[in-house]
Amino acid sequence: MAGDGRVRRVGAVALCLLLPLAGCAGRTAADSARSEVQRLLDMRSAALLRHDEGAYDATGARAEYTRLRALPLASWAYRVTALRRTAAGATADAELTYRVAGYDRAPVDTRRTVTLSRTAQGTWYVTADRPAGGPGQQLWDQGTVTAVPGAHSLVLGAGQSPADLGAYARMADRAVPAVSAEWGTDWTRKVVVVVPKSLDGMAGLLGSPAADYRGIAAVTTGEAGGAGRTPADRVVINPDAYAALGTLGKQVVLTHETTHVATRTRTTSATPLWLSEGYADWIGYLGTDRTPTEAAPELARAVQDGRVPAALPTDKDFGFTSDPTELAQAYEGGWLACRMIADRWGPARLTAFYRSLGARSARPAALTDALRTVLGTTPQAFTAAWRQYLGDQLR
């Protein structure tokens, strides 16, 4: 890219990027280079936001523009945190923040590694922009992004057809009002669904081994592939596992994950996973004709064999690396605990119980207090009632 063609293409921006390489007014050559690179990335960001393909192309590698142009962006900005000179040019560590227009209340924050070269005239240009350290990809790192908007949703895919993404949007659009009907409307009432090409693509977005998500149809993360510091929720699909589900199963999954988006700001360390996962499943199964034995087959088999769990599932039981049967039983046990609360105390009390725990920060005292003040019971009595409920519903 340092040949004559590159010289002509970057010539229009050369004057505003070239600064003296020697230190002046107390600035070193390294400071000057870092400022030049920051200015280049600012120009690159501005070109992307205004959909100026020519101006973006003048700043260097253009593959990202093609991959990103369908993504509706409200903001996009780099902040260079370090610059290392190399024989071929330089490598910059940068913090990228961006917001999806109409969906993100605050910027997504992710770290990038940008490699750069220089023209014969000394002007910097970008040769590559990739995730810092390898894991934690963004969707555009996996291919061209396709965006399909819905009434309450935005579905973003890589390696997926618009028709397939449209099916996700229709299910997400049904999920949002279903969640609001039980949880309330004090959330964005919008959901972003991210659909990579494969299980490996899902793992790349989440920065974890693919084996951790095998058989998991979807997860909700505060930030797909980022530093986890901003409230930009994403429902990330495992297309391999999701495709194996029937129509009802697919809808339950998207409603479950949408519940996590709605409840996230009221979910704290005081919230046990049996409640957060069980509540999401409870809303997911509402209005379906699934019986307890159909929706909780693994736990039903255990109960029918005389192996009624002695205690509610622990947080550890919900680890994706757990035994698949035990993991299924944990989810099923949490769902039936929430179903029991809705049956005995009413759906509104179940939601109040969830919200009450979200206002606390310590466990187990918070759980004991919420059981007493909201449900009028104790942990011991609640567990005994749940065990009896399992026997009544699953035998």
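**Salt bridges and buried polar residues**

The side chains of D129 and R112 form a salt bridge, with N and O 2.8 Å apart. This pair connects distant parts of the chain. D129 lies in strand β4, residues 124-131, and R112 in strand β3, residues 108-118. The separation in sequence is 17 residues. Both ends of the bridge are buried in this predicted model. D129 has a relative accessibility of 9%. For R112 the value is 1%. Because buried means under 20% relative accessible area, D129 at 9% falls in that class, and R112 at 1% does so too.

A search of the whole structure returns 18 salt bridges. Among them is the pair E298 and R301, whose closest N and O atoms lie 2.9 Å apart. Here the partners are three residues apart in helix α11, which spans residues 297-304. About one helical turn therefore separates E298 from R301. E298 is partly exposed, at 23% relative accessible area. R301 is also partly exposed, at 44%.

Salt bridges with shared partners join E53, D57 and R62 into one network. Within this network, D57 and R62 are bridged directly, and their closest N and O atoms are 3.9 Å apart. A salt bridge requires a nitrogen-oxygen distance within 4 Å, so the D57-R62 pair at 3.9 Å meets the cut-off. The two partners fall into separate exposure classes. D57 is buried, with 16% relative accessibility. R62 is partly exposed, with a relative accessible area of 30%.

Polar residues within helices were examined next. H256 sits in helix α8, which covers residues 247-263. Its relative accessibility is 6%, so H256 counts as buried. The H256 side chain makes a polar contact with the side chain of E277, at 2.9 Å. E277 also appears in the list of residues that H256 touches, together with A280, D281 and Y331. That list leaves out residues up to four places away in sequence.

S45 belongs to helix α2, residues 29-49. The relative accessible area of S45 is 5%, and the residue is therefore buried. Which residues does S45 touch, not counting those up to four places away in sequence? The contacts are with W76, A77 and Y78.

At the level of the whole protein, the secondary structure consists of 15 helices and nine strands. The protein has 395 residues, and 50% of them count as buried. H256 and S45 are examples of buried residues, at 6% and 5%. Contacts across the chain were also tallied. Of those with a separation of 6 or more, 62% are between residues 24 or more positions apart. The accessible surface of the protein is about 16,800 Å². Carbon and sulfur atoms account for 52% of that surface.

Conventions
Residues numbered from 1 in each chain as written. Predicted model: local features only at pLDDT ≥ 70, side-chain atom pairs only at ≥ 80, totals over all residues. Heavy atoms only, no water. Helix = DSSP H or I, 4+ residues; strand = E, 2+ residues; numbered from the N terminus. Buried < 20%, exposed > 50% of the residue type's maximum accessible area, 1.4 Å probe, protein only. Contact = heavy atoms within 4.5 Å. Polar contact = N/O pair within 3.5 Å; in protein donor to acceptor, adjacent residues only side chain to side chain. Areas by Shrake-Rupley, 256 points an atom, 1.4 Å probe, with all protein chains shown as cover.
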